Amino acid sequence: MPFRPRTALRGAALAAAAGLLCPTPAAAAPAGPGWSAAPAPAAGTAPGSQDRPYFYLEGAPGTVMTDRLSLGNPTGRAVTVRLHGTGPWLALAAREVKVPPRTRASVPFTVTVPRDAAPGEHSGTLVATSGGRDGRRAAVPVHLRVTGPRLSALTVENVTVSGQGSAAVIRYTLVNRGNTVLSPRLALRADGVFGPVLRRPAHPLPARLRPGRRVDLTESWPDPPALDAVGVRLTVTAQGGAYGSATASYTPVGWGAVAGAALVLVAGAGGLVAVRRRRRAPVKGGPVTSGPGGRAGGERPPGTEKAEGTGQLAGSASGARA
């Protein structure tokens with residue numbers, strides 16, 4: 001019997017269709033990696049490596065934006081997935097979704113930007129979890145940009161310097177006062193009475209500041225001066241022209257002790273001088289001391305003595321006449 005290619009092709013096609021319509025028991029529960037969650041592709045096909053790894057939405061204040069989360073279940077049993085969102089202004093159409101075997105479910109969600117929202121970047125996450133044998137967790141990032149004028153601004157606050165001896169610690173607070181995400185850099189300098197004692201060029205900080213966020217940070221200062229009064233200045237910069245600066249003073253305990261000792265010495269010296277002056281001052285009824293002009297302090301002028309002597313003699317003569 002001669003071979004007929006068309007007949008063979010038709011038979012293969014019918015067999016394949018029968019296999020799809022009536023799967024064998026071995027194919028009823030195919031081994032798979034489990035359910036997954038990802039941004040729904042625009043074309044409606046299964047998400048792959050070429051699709052979006054995260055959601056990106058952009059709109060002005062007062063805008064309502066929508067998108068879809070795709071839940072895939074390649075296994076042979078149904079999976080119940082619970083959903084919730086973290087971050088700004090997310091609202092899911094369903095909190096729990098049952099995904100049948102070998103199917104894909106699409107869950108809409110909305111992002112409603114408030115009318116008073118500050119322009120800039122915001123971030124959130126859509127989280128999907130399941131329990132039982134299929135217990136898994138998937139998190140899909142959501143990046144949102146609110147359009148409008150961009151403002152980069154930050155401040156440095158609450159600067160203090162503590163410690164002594166071999167190490168000191170500089171504590172401060174950074175606050176993002178703008179509407180953009182900042183990656184700040186810090187420069188340090190300190191100047192004492194005897195000149196500069198610390199110069200640290202600008203270096204990146206381990207903090208990424210979102211709008212409105214504040215973070216407490218520290219900087220170590222090895223070998224600070226033991227005897228000096230120091231002024232410390234912190235200067236922070238970031239992209240977009242953000243700039244902030246603040247100062248603090250640092251006086252080691254040793255310097256205070258030296259200053260206290262100096263005050264005690266000065267006070268003691270002043271007391272000694274006062275005692276010496278008191279000893280040199282004349283005392284009433286005491287010995288006569290030399291006065292100005294070489295005369296004794298208690299010596300009377302010459303004319304006074306003569307007058308007194310004459311008076312005495314006159315008195316004696318009067319008595320004789322009597």
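The secondary structure of the chain comprises four helices and 16 strands. The model is a predicted one. Of the 322 residues of the chain, 29% are classed as buried. The accessible surface of the chain amounts to about 20300 Å², and carbon and sulfur atoms account for 58% of this area. Among contacts between residues at least 6 apart in sequence, 64% link residues that are at least 24 apart.

The nonpolar interior was examined next. The largest nonpolar core contains 28 residues, and those with the most contacts inside this core are Tyr172, Leu174, Trp221, Val232 and Leu234. At least two residues of this core are supplied by each of β10 (154-164), β11 (167-176), β12 (185-192), β14 (214-222), β15 (230-238) and β16 (242-250). The greatest contribution is made by β15, which provides five residues. Apart from this core lies another, of 27 residues, with Leu57, Leu83, Ala138 and Val142 among them.

The surroundings of Leu234 illustrate the packing in the largest core. When neighbours within four places in sequence are left aside, Leu234 is in contact with Val156, Val159, Ile170, Tyr172, Leu186, Ala187, Leu188, Gly244, Ser245 and Ala246. One of these partners, Tyr172, is listed with Leu234 among the residues that have the most contacts inside the largest core.

A search of the whole structure identified one cavity of 30 Å³ or more. The volume of the largest cavity is about 30 Å³. Its lining is formed by Pro88, Leu90, Val111, Gly124, Val142 and Leu144. By class, five of the lining residues are nonpolar and one is polar, while no charged residue takes part. Val142 thus appears both in the lining of the largest cavity and in the core of 27 residues.

A further site of interest is the loop between β15 and β16, in which Gln239 is located. Gln239 has a relative accessible area of 39% and is therefore partly exposed, as this class covers values between 20% and 50%. Not counting residues up to four places away in sequence, Gln239 touches Ser152, Val181, Leu182 and Ser183. Gln239 and Arg185 are separated by 54 residues in sequence, and their C-alpha atoms are 9.3 Å apart in space.

Definitions and conventions. Residues are numbered from 1 along each chain as its sequence is written. This is a predicted model: local features need pLDDT of at least 70, side-chain atom pairs count only at pLDDT 80 or more; totals for chains, interfaces and linings use all residues. Side-chain values use heavy atoms; hydrogens and water are left out. On a 1 Å grid over the protein atoms alone, a cavity is a set of points where a 1.4 Å probe fits but cannot get out, and a pocket is an open set with protein on both sides within 12 Å along at least five of seven lines; lining residues have an atom within 4 Å of a point. Grid points are joined across faces, edges and corners, and a volume is the space filled by probe spheres set on the points. Ala, Val, Leu, Ile, Met, Phe, Trp, Tyr, Cys and Pro count as nonpolar, Asp, Glu, Lys and Arg as charged, and the others, Gly among them, as polar. Buried means under 20% relative accessible area, exposed over 50%, partly exposed in between (1.4 Å probe, protein chains only). Contact means heavy atoms within 4.5 Å. Accessible areas come from the Shrake-Rupley method with a 1.4 Å probe; for residues, only the protein chains shown count as cover. A nonpolar core is a set of buried Ala, Val, Leu, Ile, Met, Phe, Trp, Tyr and Cys residues joined through side-chain atoms within 4.5 Å.
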